[in-house]
Amino acid sequence: MSKQTITVLISGNGSNLQALIDATAKGELNADIIQVISSSSDAYGLTRAKDASIPTRVHSLKNYYKDIPKGDRPLARKKFNKELANLIIHGDKEGEEVPGYKRPDLIVCAGWMLILAPEFLTPLEDEGISIINLHPALPGAFEGTHAIDRAWKAAQDGEITKGGVMVHYVIQEVDQGEPLIVKEIEIPKGITLEEYEEKVHSVEHGAIVEGTVKALELAKK
């Protein structure tokens, strides 16, 4: 029986991608990472993928905004999302079927820093391809950007005592999809932001593997 397949979306360092690569090598994740797509050509995660002989692509929003007036950028952003969906479903951003291309069973956002709009989400939903995301906060708390910083500050202000990490399904509402994995992390008073970030990242690497395994199991049903 062939292994299930994954496409990973990244934007930066790719340490969570590396956790997935290592888990496949150890047999903890019984799947093949068939493609890594980065929103940045400078992302170190691309090097990690290439070192593991995983095909890579760069799909940069910056290229869509080039020489475009600000007023036209919403249309350019829609095109960016639509063509990202085409890349994953068909292997070609224009939507042409690439001979021999195999679409993934699951998309994993592992440090993808851009909001995925309906122009991306709807075609994937229509094809039955689930999308999961790693977010460094507990469900219902600190959605969106700078979640680690915001949780740390809230803890130092006495508003909370715990932060966390979750892996959740991606829906149109940012970081509000159904959680698959939730890990709580204590935030003691006096801990530095750098110390808390380190705690979060150490938990993330296990959580993303655990969440991917669970999502793939559910995708079989």
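Good morning. I begin with one strand pair: β5, residues 130-135, and β6, residues 162-169, are antiparallel and are joined by four bridges. Within this pair, Asn133 lies opposite His168 of β6. Please bear in mind that the model is predicted.

Let me now place this pair in its sheet. The sheet is open and has seven strands, ordered β3-β2-β1-β4-β5-β6-β7, with mixed pairing. At its edges are β3 (56-58) and β7 (179-186), each of which pairs on one side only. On average, and with direction ignored, neighbouring strands of the sheet are turned by 20° against each other.

Two helices that pack on this sheet deserve mention. Helix α1, residues 15-26, touches β1 (4-10), β2 (31-38), β4 (106-109) and β5. The direction of α1 makes about 160° with that of β2. Helix α7, residues 193-220, touches β1, β2, β4, β5, β6 and β7. The direction of α7 makes about 160° with that of β7.

I turn finally to a pair of helices. The axes of α4 (residues 73-90) and α5 (residues 118-126) come within 7 Å and cross at roughly 25°. Because angles under 35 degrees count as roughly parallel, α4 is roughly parallel to α5. The crossing of α4 past α5 is right-handed.

Which residues meet between α4 and α5? From α4 there are Lys78, Asn81, Lys82, Leu84, Ala85, Ile88 and Ile89, and from α5 there are Glu119, Phe120, Pro123 and Leu124. Sorted by class, this contact of α4 with α5 comprises seven nonpolar, one polar and three charged residues. Thank you.

Technical notes. Residues numbered from 1 in each chain as written. Predicted model: local features only at pLDDT ≥ 70, side-chain atom pairs only at ≥ 80, totals over all residues. Heavy atoms only, no water. Pairing = 2+ DSSP bridges. Axes fitted to C-alpha atoms, helices over the stretch in contact; angles between N-to-C directions. Contact = heavy atoms within 4.5 Å. Parallel < 35°, antiparallel > 145°, perpendicular 65-115°, else oblique. Left-handed = near helix turned anticlockwise from the far one by under 90°. Nonpolar A, V, L, I, M, F, W, Y, C, P; charged D, E, K, R; others polar.
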